[in-house]
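The following exercises ask you to read pockets, cavities and strands from a model, and each task is followed by a worked solution. Please keep the sequence and the structure open as you go through the steps.

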Amino acid sequence: MNNTHQWWQAGVVYQIYPRSFQDSDGDGVGDLPGITSRLDYLHWLGVDAIWLSPIYPSPMADFGYDVADYTGVNPLFGRLADFDRLLALAHARGIRVLLDLVPNHSSDEHPWFVDARASRQSAYRDWYIWRDPAPDGGLPNNWLSHFGGPAWSLDAATGQYYLHLFDPKQPDLNWRNPAVRAAIYDAMRFWFRKGVDGFRVDVIWMLIKHPDLLDNPPDPSWTPDQPPQDRLKRVYDQHQPEVHAVIRELRAVADEFEERVLIGEIYLPVEDLVAYYGLQLDEVHLPFNFNLVKLKAWNAQAVRELVERYEAALPAGGWPNWVLGNHDQPRIASRVGQPQATLAQMLLLTLRGTPTLYYGDEIGMEDVPIPPAQVVDPQGLRTPGYGRDPERTPMQWDAAPGAGFTTGTPWLPFAKDYTSRNVTAQRANLRSLLALTRHLLGLRRASQALSLGSYASIETGNRDVFAYLRTYEYERLLVVLNFGAALVRLDLRAVGERGSLAACTLMNQTGPVALAELDLRPYEGLVIVVT
Ligand code: GLC
Ligand code: MG
């Protein structure tokens, strides 16, 4: 495997939510020059790639996931020249840049949709999904928007409904229409020619819908405490067999260029997820694996079971990947608490496969409660209690009034703890989560066992401990994670007699360890080079 692996296999991806990373002009919204000014931080941290959530022109009904021009830059974020500069300076530091591609839907303000809704005869009409009202004048079928309410809105002027799996301002494009495909492929080429290293593809498993738009059946596992839009099983509006042919085309476009990567956003259990590698490994390079995010119980047994199921489900040659958080999910530190979040960071950065880090998780940023009157996320507005603003608050750089993020008023409030939980404070503290993250990223880069090696679970005899071995040729790294609140002593002589400590979540131990009597404190994780 030496030298034959792709950069994104050994690499680590860092997700930036552009509105919240760094503001450069005092308008309270992050922007491209802001990101550029933080490249040295990202380089210091040691990430290999950044993925930017959408930067395109957009009315911001879904904060950029409603694209009005696939080959432009939103003036809120800067100009195309600012992007070119960011790309060049990132590349100069060895950092690749991935953009977000949002092909499932455009903004209703995209010229395509403006034209499409102007008349039934529009050349763009069939670029979207239109249906006549039901005989009683009602909705064409029972599909529900992910944000809440029906997935159809009536266009009164032309008398038909259009489909939107998300906001009414995000009409779904008709991927059965070859013209739509060609237009999006050209947009991809535009960015690839500039040197963009790849795309994270938004809701890629939803691109094709059942041809007959059949009603979705009720989901028997739904309970009334869950969002009402989840009461139907999404059988016919996502994960259709024909989507794979489309994804193969997207991949072929990426393959026209060298060393580009496609990462697909797909929320599916591991057994279904792996289909998106493609039968010939000709679909996305990395179907995002969100199963750690969706895990119901956070404990050693549940995590181990998931890792083993995923490892077993992967197709030959399919490269794994892991995620703990993103802009749509409650933050890991809020889901599991700070001590467990530190352990989770060690897990993420030592499992086999490409990790994606969400901005701010390296300092343990938490969800910020947003008072109802300040909710801006369309999902939070339509389904109160399920808003995504809490995990999108500005990056906490320092203890100054604007948190080092802005000189103006931030578009979302800062966390209350930002004066203590920030990058500057944690850079000065060798036992911080930031220091651990940087240390683990450095270790990963230096160790082929960690970045490329094989994976094997280890029996520890303790149900609170999850341990595994990463091996590459003669290099063996043992990872031992104590998910429990009690001290544990393990006998791991089955792995080896002794080792030397390479990382510790509590960051206060180094040197040789005896595997016969290995002690772990509550929520402690260790990486041990087996000697
Ligand atoms: C994806 C994005 C999410 C967005 C939705 C619609 O799930 O991650 O933020 O709202 O797609 O584009
Ligand atoms: Mg700004």
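**Exercise 1.** Determine which element supplies the largest share of the lining of the largest pocket, and describe that lining.

Solution. In this predicted model, α9 gives the largest share of the lining of the largest pocket, namely three residues. Step two is to ask which helices contribute at least two residues each, and here α9 (291–294) is joined by α10 (300–313). Step three concerns the space itself, which amounts to about 1900 Å³. The lining comprises 50 residues, and those closest to the centre of the pocket are His 146, Asp 230, Tyr 267, Lys 294 and Gln 329. Finally, sorting the lining of this largest pocket by class gives 20 nonpolar, 14 polar and 16 charged residues.

**Exercise 2.** Carry out the analysis for the second largest pocket, giving its volume, its lining and the elements that contribute to that lining.

Solution. The volume of the second largest pocket is about 290 Å³. Its lining is made by 17 residues, with His 5, Ala 10, Gly 11, Asp 48 and Arg 445 lying nearest the centre. Two or more lining residues come from each of α1 (7–10), α15 (433–446) and α16 (448–451), and the largest share, four residues, belongs to α15. By class, the lining of the second largest pocket divides into six nonpolar, seven polar and four charged residues.

**Exercise 3.** State how many cavities of 30 Å³ or more the model contains, and give the residues that line them.

Solution. A general remark helps at the outset: rolling a probe the size of a water molecule over the atoms shows where empty space is left. The count comes to two cavities of 30 Å³ or more. The largest cavity holds about 50 Å³ of space, and its lining consists of Leu 324, Ile 332, Ala 333, Ala 341, Gln 345, Asp 361, Gly 364, Met 365 and Leu 433. Two or more of these lining residues are given by each of α11 (332–336) and α12 (338–350). Six residues of the lining of the largest cavity are nonpolar, two are polar and one is charged. The second largest cavity, for its part, has a volume of about 30 Å³ and is lined by Tyr 17, Pro 18, Arg 19, Ser 53, Pro 54, Phe 63 and Phe 77. Of the residues lining the second largest cavity, five are nonpolar, one is polar and one is charged.

**Exercise 4.** Work out how β6 is paired, and decide whether the residues on its two faces are buried or exposed.

Solution. Begin with the partners of β6 (residues 160–163). Strand β4 (residues 130–131) runs antiparallel to β6 and is joined to it by two bridges, with Arg 131 standing opposite Tyr 161. Strand β5 (residues 152–155) also pairs with β6 in the antiparallel sense, over four bridges, and in this pairing Asp 155 stands opposite Gln 160. The strands β5 and β6 form a hairpin with four residues between them, and Gly 159, in the turn, has a positive phi of about 75°.

Next, consider the two faces. In a regular strand the side chains alternate between the two faces of the sheet. On one side of β6 lie Gln 160 and Tyr 162, on the other Tyr 161 and Leu 163, and all of these are buried, so that both faces are covered.

**Exercise 5.** Explain why β12 and β17 are edge strands of their sheet, and describe what packs on this sheet.

Solution. The sheet is open and has six strands in the order β12-β13-β14-β19-β16-β17, with antiparallel pairing. Because β12 (454–458) and β17 (511–514) each have a single partner strand, they stand at the edges, and one side of each is left without a neighbour in the sheet. From one strand to the next the twist averages 35°. Within the sheet, β16 (residues 498–504) and β19 (residues 525–530) pair in the antiparallel sense over five bridges, and Leu 501 stands opposite Ile 528 in β19. Helix α10 packs on the sheet, where α10 touches β12 and β13 (465–472), and its direction makes about 145° with that of β12.

**Exercise 6.** Locate Glu 473 and decide whether Glu 473 is buried or exposed.

Solution. Glu 473 is found in the loop between β13 and β14 (475–482). Its relative accessibility is 61%, and since exposed means over 50%, Glu 473 counts as exposed. As a last step, compare sequence and space: Glu 473 and Ser 454 are 19 residues apart in sequence, and their C-alpha atoms are 9.4 Å apart.

Conventions: Residues are numbered from 1 along each chain as its sequence is written. Chains are lettered from A and ligands numbered from 1 in the order in which they are written. This is a predicted model: local features need pLDDT of at least 70, side-chain atom pairs count only at pLDDT 80 or more; totals for chains, interfaces and linings use all residues. Side-chain values use heavy atoms; hydrogens and water are left out. Buried means under 20% relative accessible area, exposed over 50%, partly exposed in between (1.4 Å probe, protein chains only). Two strands pair if DSSP finds at least two bridges between them. On a 1 Å grid over the protein atoms alone, a cavity is a set of points where a 1.4 Å probe fits but cannot get out, and a pocket is an open set with protein on both sides within 12 Å along at least five of seven lines; lining residues have an atom within 4 Å of a point. Grid points are joined across faces, edges and corners, and a volume is the space filled by probe spheres set on the points. Ala, Val, Leu, Ile, Met, Phe, Trp, Tyr, Cys and Pro count as nonpolar, Asp, Glu, Lys and Arg as charged, and the others, Gly among them, as polar. Axes are lines fitted to C-alpha atoms, for helices over the stretch in contact, and angles run from 0 to 180 degrees between N-to-C directions. Contact means heavy atoms within 4.5 Å.
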